[in-house]
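I opened this structure to look up its sheets, its aromatic rings and a few single residues. My notes are kept in the order in which I went through them.

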Amino acid sequence: MNSIAAGTLLLAYLLPYVSPKTFPLLSVLSLAVPILIVINVIFLIYWIVLLNKKGILSLVVLILGISHVTSLYKLSGKSTDDTHDSISLISFNVRSFNRFHWIDSDVVPQDISTMIRTEDPDIFCAQEFYNNPDTDFTQYPHKYQDFNNDNGELALVIFSKYPIINKGSLHFKKTANNIIFSDIVIKEDTVRVYNVHLQSHKISSNTDKLAKEDSQKLIKRIQISFERQQEQVQKLINHMKTSPYKNIVMGDFNNTAYSYVYNKVVSKKLQDAFKEAGQGFGTTLEFDLFPVRIDFILVPEDFEVIEFKNFDQELSDHYPISSKIRL
């Protein structure tokens with residue numbers, strides 16, 4: 001059992017470099033990486049307690065994938081009071097402000113507005129945004145909102161305290177998912193901020209509902225969405241190449257830090273703010289089985305990540321994430 005767990009995790013280390021279109025079934029394994037890491041840690045502790053050298057197998061596999069381990073859990077974050085010249089960012093999939101009452105509360109829109117007003121980020125990227133009359137984001141003088149569906153209900157939005165001098169949408173076809181961007185002037189600098197919402201898997205976070213699904217249909221659906229995510233990320237990368245400015249990428253990837261799409265974006269000289277300054281599991285999605293991190297703030301490698309913060313307010317099926325960076 002230990003050998004199988006170690007071998008499977010070792011195979012999973014290759015997944016960020018394997019195109020979902022080439023091996024769609026194999027790419028689904030990336031979703032199980034957190035479980036595989038935890039299993040190997042348990043085996044390592046088990047053999048250590050027994051003073052048995054068989055623990056070396058899991059130890060070596062975990063060391064080989066140390067970047068995967070730190071993507072799952074960070075022992076300590078950064079602690080600094082020096083926020084001079086920093087800018088603050090928040091990304092949050094607001095799930096249309098609880099429009100269909102998934103959460104048993106009538107004040108979710110107001111609570112989200114209050115949270116954003118309290119945190120007061122310089123730039124706020126929202127996914128699944130719905131024009132709810134009970135929300136108030138008037139503290140932002142600059143805003144770009146784009147609907148990528150026929151019914152014009154859910155949007156991606158970039159709110160900014162700084163001037164937006166250019167904006168646009170990548171306009172994915174036959175889906176409500178999309179990527180938008182804004183060129184934002186911050187003092188003497190200009191940065192391009194991308195707000196990302198990649199193809200959804202439509203997987204229930206409730207294990208009871210998930211267990212009732214046909215496993216073959218579920219895997220097939222995930223394979224298709226992985227392939228669409230690959231196409232969407234390639235459009236993003238091609239667009240980033242044309243940017244005259246440094247790129248910041250934020251949003252809901254609907255995929256993990258062990259995936260092909262995440263690796264493709266990060267490889268474009270970007271760093272994961274959680275891995276630089278986060279703490280704990282960095283959970284961004286409510287899921288019964290294990291901690292899931294599918295929302296990211298990615299910034300240029302030559303930017304300094306001063307702070308990263310996870311929130312635990314249950315205002316959506318996602319949790320907001322924030323970061324302070326210095327250009």
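The entries below start with the sheets, go on to the aromatic rings and end with three residues.

**Entry 1: the model**

I note before anything else that this is a predicted model, and I read every value below as computed from it.

**Entry 2: the sheet from β5 to β9**

I looked up the strand order here and found six strands in an open sheet, running β5-β6-β7-β8-β10-β9, with mixed pairing. At the edges I find β5 (164-169) and β9 (270-272), and because each has a single partner strand, one side of each is left without a neighbour in the sheet. From one strand to the next, the twist averages 20°.

I then asked which helix packs on this sheet. The helix is α9 (residues 215-241), which touches β6 (178-186), β7 (189-197), β8 and β9, and whose direction makes about 170° with that of β7.

Within the sheet I followed one pairing in detail: β8 (residues 246-252) and β10 (residues 295-300) are antiparallel and share four bridges. Met 250 has Ile 297 of β10 opposite it.

**Entry 3: the sheet from β3 to β11**

I found another open sheet of six strands, also mixed in its pairing, with the order β3-β4-β2-β1-β12-β11. Its edge strands are β3 (142-147) and β11 (304-310), each of which pairs on one side only. The twist from strand to strand averages 15° here.

At the β3 edge, I see that β3 and β4 (residues 154-160) run antiparallel and are joined by six bridges. Lys 143 has Phe 159 in β4 as its bridge partner, and I met Phe 159 again when I came to the aromatic cluster.

Helix α7 (residues 108-119) lies across β1 (86-93), β2 (123-130) and β11, and I noted its direction as about 165° to that of β1.

**Entry 4: aromatic rings**

I searched the whole structure for aromatic pairs, and the search gives 15. The pair I looked at in detail is Phe 97 with Phe 129: the ring centres are 5.2 Å apart and the planes stand at 80°, so I record the pair as edge-to-face. Phe 97 belongs to helix α6 (residues 95-98) and Phe 129 to strand β2, so this pair ties together parts that are 32 residues apart in sequence. I checked burial for both rings: Phe 97 is buried at 2% relative accessible area, and Phe 129 is buried at 3%.

I also noted the pair of Phe 253 and Phe 296, which is edge-to-face with 5.1 Å between the centres and 75° between the planes. Phe 253 sits in the loop between β8 and α10, whereas Phe 296 is in strand β10, so the parts tied together here are 43 residues apart in sequence. Both Phe 253 and Phe 296 are buried.

Which residues form one aromatic cluster? I list Phe 97, Phe 124, Phe 129, Phe 137, Tyr 140 and Phe 159. I noted as well that Arg 95 lies over the face of Trp 102, 4.1 Å from the ring centre.

**Entry 5: Thr 284**

I looked up Thr 284 in the loop between α11 (273-277) and β10. Is Thr 284 buried or exposed? Its relative accessibility is 1%, and because buried means under 20%, Thr 284 counts as buried.

The side chain of Thr 284 reaches the backbone nitrogen of Ile 294 at 2.9 Å, and a polar contact of 2.7 Å joins it to the side chain of Asp 295. Beyond its close sequence neighbours, Thr 284 has contacts that include Asn 310, Asp 317, His 318 and Tyr 319.

**Entry 6: Ser 169**

Ser 169 belongs to strand β5, and at 17% relative accessibility I count Ser 169 as buried, because the limit is under 20%. I found two side-chain partners for Ser 169: Asp 146, in a polar contact of 3.3 Å, and Asn 178, in one of 2.8 Å. Among its other contacts away from its sequence neighbours are Tyr 144 and Phe 181.

**Entry 7: Lys 269**

My last look was at Lys 269, in the loop between α10 (260-266) and β9. Lys 269 is exposed, with 62% relative accessible area. Leaving aside neighbours within four places in sequence, I find Lys 269 in contact with Val 299, Pro 300 and Glu 301.

Note on methods:
Residues numbered from 1 in each chain as written. Predicted model: local features only at pLDDT ≥ 70, side-chain atom pairs only at ≥ 80, totals over all residues. Heavy atoms only, no water. Pairing = 2+ DSSP bridges. Helix = DSSP H or I, 4+ residues; strand = E, 2+ residues; numbered from the N terminus. Axes fitted to C-alpha atoms, helices over the stretch in contact; angles between N-to-C directions. Contact = heavy atoms within 4.5 Å. Buried < 20%, exposed > 50% of the residue type's maximum accessible area, 1.4 Å probe, protein only. Polar contact = N/O pair within 3.5 Å; in protein donor to acceptor, adjacent residues only side chain to side chain. Phe/Tyr/Trp six-rings, centres within 6.5 Å; stacked < 30°, edge-to-face > 60°. Lys NZ or Arg CZ within 6 Å of the ring centre and 35° of its normal.
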